[in-house]
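Reader: I'm new to protein structures and I get lost when everything is shown at once. Please pick one part, look at it closely, and then show me how it fits in with its surroundings.

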Amino acid sequence: MKPVTIVGGGLAGLTLALGLRRRGVPVKLSDAGTYPRHRVCGEYLSGRAISVIQSLGLRSGLDHLGAVESSDVIISRGSSVLARRRLPQPALCLSRYQFDRFLVDQLTREGAEVQTGQRSSAQPEEGVILATGRQPAATEHGWRWFGLKAHARHVTLGAGLEMHLSSRGYIGLCRIEDAQVNVCGLFRSRTPVPDLSTSWKSWLSGESGSLLAQRLRQADWDETSFSSIAALSLVPRRAVDREGLRIGDAVTMIPPVTGNGMSMAIEGADLATGPVADWSSGQLDWPSTTQKVAKLLDHAFSTRLRHARWLQHAMFDPFTQSLAWNLSRIFPAFPSLLFRLTR
Ligand SMILES: Cc1cc2nc3c(=O)[nH]c(=O)nc-3n(C[C@H](O)[C@H](O)[C@H](O)COP(=O)(O)OP(=O)(O)OC[C@H]3O[C@@H](n4cnc5c(N)ncnc54)[C@H](O)[C@@H]3O)c2cc1C
């Protein structure tokens, strides 16, 4: 079988690499960073990816690491709670520090060649899959988007996931392994925010008097887990319009409010596994493989990307946020409907 090179070892690259190894394909995966490391992420895995994880036989390993099942969600703004819902299917919450390390260890055991700490060429070419993550964009419509995350202890939550809306963005809290809570927010600003390395706690802790501030009053922060990310681009893109064979955020990034980006990375890798294995065994040529994967990704994700864009807008535009808020009060099923449409 012909060898496959995967550039990028986030969830998309690692899942594809594992799927290909299971089919006997020789795999070389490279990542610019090293493992384990903290990443900006809500660490809330929901949706169809959980079935992919199960089908790859990885679920018990995640449970062993202390992954927490989360079956309910609270949405809050200021001091009030808008909605409290049970999820149709429980989500799984585990730090990316543990999750990525677990996958890379598994991959190494299964015979892949893994190279870390070195940036590889990310040029589209035959046999190379680009799983390189988001495409940076300094600003979008004049806004600078950035994400912050850190773990904390001594935080009591009223649900497995809490989503807190504020005037600057939204912050998600979920229980993860070892009695920790992951606190992760997406924010936007018109001007550069230079002092995040010192001001991150105030960004994540919400406005005074809010339910979020109350939750985090006694927080014991794990300073080493703090990470930040900037230059995010949230405009949806189609895989068929991109050059090369891409999966995960390297195609497009779904707004984080959906808690579906990790799922899309894992599901996309799963969809790509069959065609790439067929190329490796000589049953498909490379242009057909690239096209087939792109069509599968667009078919699977275009509807949820469309709805997610609307949801993202509702989170930041005061008028749309109030409209969504009032609709949710009148029609209690409204938040659940939005949740379903982005999956
Ligand atoms: C604030 C925020 C909160 C989020 N919360 C959630 C959530 O709760 N639930 C959820 O499902 N999703 C969430 N997401 C989205 C989720 O984290 C991403 O969609 C997912 O991690 C994408 O995985 P990926 O493998 O495509 O990319 P990444 O995880 O970004 O991996 C790409 C990898 O490629 C490597 N790389 C890049 N270029 C090169 C190169 N040239 N050579 C070698 N290596 C390279 C990088 O080092 C990186 O490790 C959130 C995102 C943000 C920003």
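Author: Let's start with one strand and work outwards from there.

First, some ground rules: this is a predicted model, so local features need a pLDDT of at least 70 and side-chain atom pairs count only at pLDDT 80 or more, while totals for chains, interfaces and linings use all residues. Residues are numbered from 1 along each chain as its sequence is written, and side-chain values use heavy atoms, with hydrogens and water left out.

Our strand is β9, residues 161–165, and five of its five residues are buried. Buried means under 20% relative accessible area, exposed means over 50%, and partly exposed is in between, using a 1.4 Å probe and protein chains only. As for the names, helices (H or I, at least four residues) and strands (E, at least two) are DSSP runs, numbered from the N terminus.

In a regular strand the side chains alternate between the two faces of the sheet. In β9, Leu 161, Met 163 and Leu 165 are on one side, Glu 162 and His 164 are on the other, and both faces are covered.

Now look sideways. Strands of a sheet pair through backbone hydrogen bonds, either parallel or antiparallel; the pairing rule here is that DSSP finds at least two bridges between the two strands. β9 runs parallel to β4 (residues 68–77), joined to it by five bridges, and Leu 161 in β9 stands opposite Val 73. Five bridges also join β9 to β10, but that pair runs antiparallel. There, Leu 165 sits opposite Tyr 170. The turn is a short hop in sequence: β9 and β10 make a hairpin with three residues between them.

Follow β4 the other way and you meet β5 (residues 80–93), an antiparallel partner with nine bridges. Val 73 shows up again here, opposite Arg 85 in β5.

Put all that together and you get an open sheet of eight strands with mixed pairing, in the order β3-β5-β4-β9-β10-β11-β8-β12. At its edges stand β3 and β12 (220–230), each with a single partner strand, so one side of each has no neighbour in the sheet.

Two loops of this region have backbone surprises. Most residues other than glycine have a negative phi, and most peptide bonds are trans. Between β10 (169–176) and β11 sits Ala 179, whose phi is positive, about 55°, although it is not a glycine. Ala 179 is exposed, at 65% relative accessibility. The loop between β2 and β3 (44–45) holds Pro 36, and the bond from Tyr 35 to Pro 36 is cis, with omega near -5°. Glu 43 is in the loop between β2 and β3 too, with a positive phi near 60°. Unlike a residue over the exposed cut-off, Glu 43 is buried, with a relative accessible area of 0%.

That loop leads back to β2, which is part of another sheet: open, five strands, parallel pairing, order β6-β2-β1-β7-β13. The edge strands are β6 (113–116) and β13 (245–246), each with a single partner, so one side of each is left without a neighbour in the sheet. β2 and β6 run parallel and share four bridges, with Leu 29 partnered by Val 114 in β6.

Finally, the ligand. There are 36 residues around it, and Asp 31, Gly 42, Tyr 44, Asp 249 and Met 262 come nearest; a residue is near if one of its heavy atoms lies within 4 Å. For polar contacts, think of pairs of N or O atoms within 3.5 Å. An oxygen atom of the ligand is 3.1 Å from a backbone N or O atom of Leu 11, one is 3.0 Å from a polar backbone atom of Ala 12, and one is 3.1 Å from a side-chain N or O atom of Arg 96. Taken alone, the ligand exposes 1,000 Å², of which the protein buries 91%. Elements giving two or more residues to its shell are α1 (11–22), β2 (27–31), β11 (180–189) and α7 (261–280), and α7 gives the most, with four residues.

Helix α7 also holds Thr 273, which is buried at 6% relative accessibility. Leaving aside neighbours within four places in sequence, Thr 273 is in contact (heavy atoms within 4.5 Å) with Leu 16, Gly 19, Leu 20 and Arg 23.

Notes: Polar contact = N/O pair within 3.5 Å; in protein donor to acceptor, adjacent residues only side chain to side chain. Areas by Shrake-Rupley, 256 points an atom, 1.4 Å probe, with all protein chains shown as cover.
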